Amino acid sequence: MTDAPLPTLGGLGVLVTRPAHQVEPLCRLIEQHGGVAIRYPTLAIGPPPDPALARARFARLADYDLAIFTSVNAVSGALPLIREQGDTLPPGLEIAAIGAATARALAGQGIAPCLQAAKEATSEGLLALDRLQGARISGQRVLMVRGAGGRTLLADTLRDRGALVEHAVVYQRQRPLLDPEPVLDCWARGAIGAVIVTSDESLRNLFDMLGATGQDYLRATPLIVVSTRTRQTATEYGCRHLLLAQDASDAALTAVLLSLTAHPSSLPGNTI
């Protein structure tokens with residue numbers, strides 16, 4: 001018996017905006033399915049402003065009841081610093097992750113199982129867990145492992161619920177300095193049929209990087225996002241063809257692309 005052929009993307013050009021160090025697995029999967037991956041990272045991940053402060057937090061991990069990792073980048077930025085203190089986490093430390101991708105990154109480092117939101121990979125999803133309600137979190141010491149800046153909803157809400165929250169900042173986001181002309185040329189030739197954006201900040205950077213002409217192209221192109229919050233942001237920017245992936249995994253994003261090519265009428269023209 002021969003293996004069934006892979007579903008095909010039929011040469012669909014996909015603009016992929018993940019950071020350069022994270023983009024290749026998704027691009028390879030797109031290419032395996034017959035698509036054309038166009039790499040255009042709209043976020044760069046750099047070292048934290050003050051790694052000494054994160055090291056000081058990790059040196060007393062045993063003082064905390066719960067550590068929350070807010071992203072895959074938080075995992076990759078934190079684990080080398082944590083392992084400077086020893087090979088294992090304190091046995092009494094509970095671990096939480098915002099989203100399945102972050103939980104998988106932790107599992108890949110030998111840290112599992114961990115708390116994660118049942119549905120959406122957002123602060124709101126994590127805050128809905130029973131473990132973070134009322135008396136169960138009040139008085140608990142919580143370490144937020146995160147990047148510089150970003151939303152404060154999770155930390156603010158946990159403090160309102162009585163938790164004692166501290167931060168370990170292990171990376172910072174930067175907007176890359178990239179020439180948009182090659183991407184605009186691809187759009188002008190009709191070579192971009194879908195765009196993947198996996199965070200609010202990536203979307204905002206993309207709009208800033210493309211300029212007015214590119215923004216018009218983007219508004220007319222199917223845009224795949226991974227959270228209702230980013231979908232709302234895209235709606236506010238005027239994007240007209242929005243698709244929500246089940247999660248931020250490569251498989252889930254590719255599944256949405258395949259659904260587009262399976263129904264060609266859902267692919268709008270890209271003229272402006």
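Okay, let's start with Asp200, which sits in helix H9, the stretch from 200 to 219. Keep in mind that this is a predicted model. Is Asp200 buried or exposed? It comes out as buried, because its relative accessibility is 9% and the cut-off for buried is under 20%. So we have an acidic side chain that is tucked away, and what does the side chain of Asp200 make a polar contact with? The partner is the side chain of Arg229, at 3.3 Å. If you skip the neighbours within four places in sequence, Asp200 is in contact with Arg229, Thr230 and Thr233.Those three partners bring us to the packing of H9 against helix H10, residues 228-236. The axes of H9 and H10 come within 9 Å and cross at roughly 20°. Angles under 35 degrees count as roughly parallel, so that is what we call H9 and H10. As for handedness, H9 passes H10 in a right-handed crossing. On the H9 side the contact is made by Asp200, Leu203 and Arg204, and on the H10 side by Arg229, Thr230, Thr233 and Ala234. If you have the model open, put Asp200 and Arg229 on screen together, and you have the polar contact between their side chains in view.

Staying with H9, it also meets helix H8, which covers residues 181-188. Here the axes come within 10 Å, and the crossing angle is roughly 35°. Which way does H8 pass H9, left-handed or right-handed? This crossing is left-handed. From H8 you get Val183, Leu184, Trp187 and Ala188, and they meet Leu210, Gly214, Tyr217 and Leu218 in H9.

Now, cysteines, since somebody usually asks. How many disulfides does a search of the whole structure find? Zero. Take Cys186: the nearest cysteine sulfur belongs to Cys27, and it is 13 Å away. A disulfide needs the two sulfurs within 2.5 Å, so Cys186 is in no disulfide. Cys239 is in no disulfide either, with its nearest cysteine sulfur, that of Cys186, 18 Å away. Are these two buried or exposed? Cys186 counts as buried because its relative accessibility is 14%, and Cys239 counts as buried at 7%.

Next slide, another helix pair: H2, residues 51-59, and H3, residues 72-83. They pack at an angle of about 60°, with their axes 9 Å apart. At that angle, H2 and H3 are therefore oblique to each other. H2 passes H3 in a right-handed crossing. The residues that meet are Ala54, Arg55 and Phe58 from H2, and Ala78, Leu81 and Ile82 from H3.

While we're in H3, have a look at Asn73, which lies in that helix. Its relative accessible area is 11%, so Asn73 is buried. Which side chain does the side chain of Asn73 make a polar contact with? That would be Gln22, at 2.8 Å. Leaving out neighbours within four places in sequence, the contacts of Asn73 are His21, Gln22, Ile45, Val170 and Tyr171.

On to a strand residue. Leu66 is found in strand E4, residues 66-69. With a relative accessibility of 0%, Leu66 counts as buried. What does Leu66 touch, once you set aside residues up to four places away in sequence? The list includes Leu93, Glu94, Ile95 and Ala96, along with Leu115, Arg131 and Leu132, and then Ile137, Arg141, Val142 and Leu143. For a sense of distance, Leu66 and Cys114 are 48 residues apart in sequence, and their C-alpha atoms are 10 Å apart in space.

Last one, Gln140. You'll find it in the loop between helix H6, 134-137, and strand E7, 141-147. Buried or exposed? Gln140 counts as buried, because 19% relative accessibility falls under the 20% cut-off. Its side chain makes a polar contact with the side chain of Arg131, at 2.5 Å. Arg131 was also one of the residues touched by Leu66. Apart from residues up to four places away in sequence, Gln140 touches Asp65, Arg131, Ala163 and Leu164. And if you want a long span, Gln140 and Arg18 are 122 residues apart along the chain, with their C-alpha atoms separated by 35 Å.

That's my set, happy to pull any of these up on screen.

Notes: Residues numbered from 1 in each chain as written. Predicted model: local features only at pLDDT ≥ 70, side-chain atom pairs only at ≥ 80, totals over all residues. Heavy atoms only, no water. Helix = DSSP H or I, 4+ residues; strand = E, 2+ residues; numbered from the N terminus. Buried < 20%, exposed > 50% of the residue type's maximum accessible area, 1.4 Å probe, protein only. Polar contact = N/O pair within 3.5 Å; in protein donor to acceptor, adjacent residues only side chain to side chain. Contact = heavy atoms within 4.5 Å. Axes fitted to C-alpha atoms, helices over the stretch in contact; angles between N-to-C directions. Parallel < 35°, antiparallel > 145°, perpendicular 65-115°, else oblique. Left-handed = near helix turned anticlockwise from the far one by under 90°.
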